[in-house]
Structure formats: structure tokens, C-alpha cells
Amino acid sequence: MAEVKGKFITLACMLMQDVPDAQAKADELLEDETGCTHTELDPEDFYDTKLFDRVVKIYISTKPDPKEAIINLGKRIYPTQKRTVGFPDSLKTPIDFMKFEAEGFQESHTGDDIIPRKILKEADNEITMYAQAPGYDENIYIGVWLGILEMNGITTGEVENLGEHTYRIHW
């Protein structure tokens with residue numbers, strides 16, 4: 001069974017602040033499954049990715065464009081990482097951050113069915129990565145990578161889905 005850290009479930013719930021009924025629905029689901037609301041989840045403990053997916057589906061049901069909502073959630077992942085556990089000082093370039101994300105994916109997930117990221121190509125201002133999601137929408141990765149670029153002051157980045165869980169990130 002694939003699991004993800006609680007801080008990402010909490011983040012999805014926090015993005016529902018403007019829709020209290022949806023946030024309450026997510027909290028009810030979390031209480032039924034874990035005995036905790038989103039504010040009580042252990043941010044560094046692991047929870048079933050299927051539960052994360054169900055919370056994300058509640059979140060996107062409140063938005064007019066579900067894909068854009070998932071991308072927005074993804075964009076907030078690395079700022080959450082920065083706030084909760086920080087980054088090593090060695091991260092200087094967007095490529096450094098992309099490699100760190102590929103490695104960090106393994107630390108944010110657990111389970112036998114977690115497939116590690118694989119960097120397929122690396123060049124100046126570009127990286128191509130194999131990234132398969134363990135039980136939730138892969139569009140979240142588009143947001144993660146765009147968010148990393150934005151943290152590095154790059155607002156013109158793009159992520160292309162090349163198919164078969166393969167993405168080209170360039171700026």
C-alpha cells in the first residue's frame with residue numbers, strides 16, 4: 001500500500017478554507033479513516049495515498065477547473081516542504097531542485113508500490129523525468145515542478161506531458 005506524509009493531506013484541506021462545507025466534508029472523512037481532522041494529522045506520519053486522493057477530489061470539486069486546482073495544489077508542495085523541513089544549502093539551481101525533488105519523492109512516500117523518479121534527460125534549462133503517481137492524479141506533479149521553478153524566480157517554465165508518466169520540464 002502506498003502512503004504519503006500527512007502534511008500534504010493537511011495542505012489540500014487548508015486550500016478549502018474558502019469553502020467551509022467542503023473542508024468539513026474532508027475532515028469528516030479524515031476522522032472516519034484516521035480519528036483526526038486535518039489540523040490534527042501528524043505532518044510527518046504516513047497515510048494511505050487513496051485517502052489523500054479522496055481529499056484532493058473533495059478539494060477539486062470546489063473549483064471550476066479541476067486540473068488547474070490540482071496544479072495549484074502541487075505548486076504549494078515545495079513551499080510547504082521549505083516551511084516544514086527546509087532545504088539543504090547545496091540547492092542553487094532549478095536543476096538542483098528538480099534532482100532533489102526526485103530524491104525527496106521517496107522520502108515523502110512509503111510502500112512497496114512506490115516507483116522512484118527517473119531522470120531520463122538533463123540539459124541546460126531542461127529536465128525530462130519519469131514520474132508515476134501512486135494512487136492520485138499525476139497533474140499534481142506539473143504544479144510541483146512549476147512551483148519549484150517559481151521558487152527559483154522563473155515564471156515562464158512549462159511542463160509537457162510526453163505520455164507514459166514522462167514529463168519534460170523546461171524554462
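**Stop 1: the nonpolar core**

Start in the middle of this predicted model by selecting Met16, Phe52, Val55, Leu73, Ile140, Tyr141 and Trp145. These are the residues with the most contacts inside the largest nonpolar core, which has 54 residues in total. Now colour residues 139-151: this is helix α7, and with eight residues it gives the most to this core. If you wonder about the general pattern, nonpolar side chains tend to be buried together in soluble globular proteins.

Stay with Phe52 for a moment. Which residues does Phe52 touch, once neighbours within four places in sequence are left aside? Select Val4, Phe8, Ile9, Leu73, Tyr136 and Ile140, and you have its contacts. Two of the names there, Leu73 and Ile140, you already picked out as well-connected members of the core.

**Stop 2: the three-stranded sheet**

Switch to a cartoon view and find β1, at residues 3-5. Three strands make an open sheet here, and the order across it is β2-β1-β3, with antiparallel pairing. β2 (46-48) and β3 (109-110) are the edge strands; each has a single partner, so one side of each has no neighbour in the sheet.

Zoom in on β1 and β3, which are joined by two bridges in the antiparallel sense. Click on Val4 and then on His109: they are bridge partners, with His109 sitting in β3. Keep His109 in mind, as you'll meet it again at the cavity.

Next, bring up helix α3, residues 49-60. This helix lies across β1, β2 and β3, and it runs at about 70° to β2.

**Stop 3: a lysine on the inside**

Select Lys5, which belongs to strand β1. Is Lys5 buried or exposed? With a relative accessible area of 13%, Lys5 is buried. To see what surrounds it, show Pro43, Glu44, Asp45, Phe46, Tyr47, Glu107 and Ser108; Lys5 is in contact with each of these, leaving aside its neighbours within four places in sequence.

**Stop 4: helix α1**

Move along to residues 6-14, helix α1. Eight of its nine residues are buried, so the helix is largely enclosed by the rest of the structure. The buried ones to highlight are Gly6, Lys7, Phe8, Ile9, Thr10, Leu11, Ala12 and Cys13. Phe8 and Ile9 should look familiar, since both are in contact with Phe52.

**Stop 5: the cavities**

Time to look for empty space. The model has two cavities of 30 Å³ or more, and the largest holds about 180 Å³. To find its centre, select Phe8, Ile77, Phe105, His109 and Val144, the closest to that point among the 16 lining residues.

Which helix gives the most to the lining of this largest cavity? That would be α6, with four residues. Colour α5 (77-84), α6 (94-108) and α7 together: each of them supplies at least two residues of the lining. So that you can tie this to earlier stops, α7 is also the helix that gives the most to the largest nonpolar core, and His109 is the bridge partner of Val4.

**Stop 6: the hairpins**

Now head to the later part of the chain and find β4 (118-123) and β5 (126-130). β4 and β5 run antiparallel and are joined by five bridges. Click on Lys118 to see it standing opposite Tyr130 in β5.

These two strands form a hairpin with two residues between them. Asn125 lies in that loop, and its phi is near 60°, a positive value in a residue other than glycine. Most residues other than glycine have a negative phi. On the surface scale, Asn125 is partly exposed, with a relative accessible area of 41%.

Go on to β7, residues 166-170. Four of its five residues are buried, so this strand is largely enclosed by the rest of the structure. On one hand, five bridges join β7 to β5 in an antiparallel arrangement; on the other, five bridges join it to β6 (158-163), again antiparallel. Select Thr166 to see both pairings: Tyr130 stands opposite it, and so does Gly163.

Finish at the turn between β6 and β7. Two residues separate the strands of this hairpin, and Glu164 takes a positive phi near 50°. His165, in the loop between β6 and β7, has a positive phi of about 65°. At 26% relative accessibility, His165 counts as partly exposed.

Methods: Residues numbered from 1 in each chain as written. Predicted model: local features only at pLDDT ≥ 70, side-chain atom pairs only at ≥ 80, totals over all residues. Heavy atoms only, no water. Pairing = 2+ DSSP bridges. Contact = heavy atoms within 4.5 Å. Axes fitted to C-alpha atoms, helices over the stretch in contact; angles between N-to-C directions. Core = buried A, V, L, I, M, F, W, Y, C linked by side-chain atoms within 4.5 Å. Buried < 20%, exposed > 50% of the residue type's maximum accessible area, 1.4 Å probe, protein only. 1 Å grid on protein atoms, 1.4 Å probe; cavity = no way out; pocket = protein on both sides within 12 Å on 5 of 7 lines; lining within 4 Å. Points joined across faces, edges and corners; volume = space filled by probe spheres on them.
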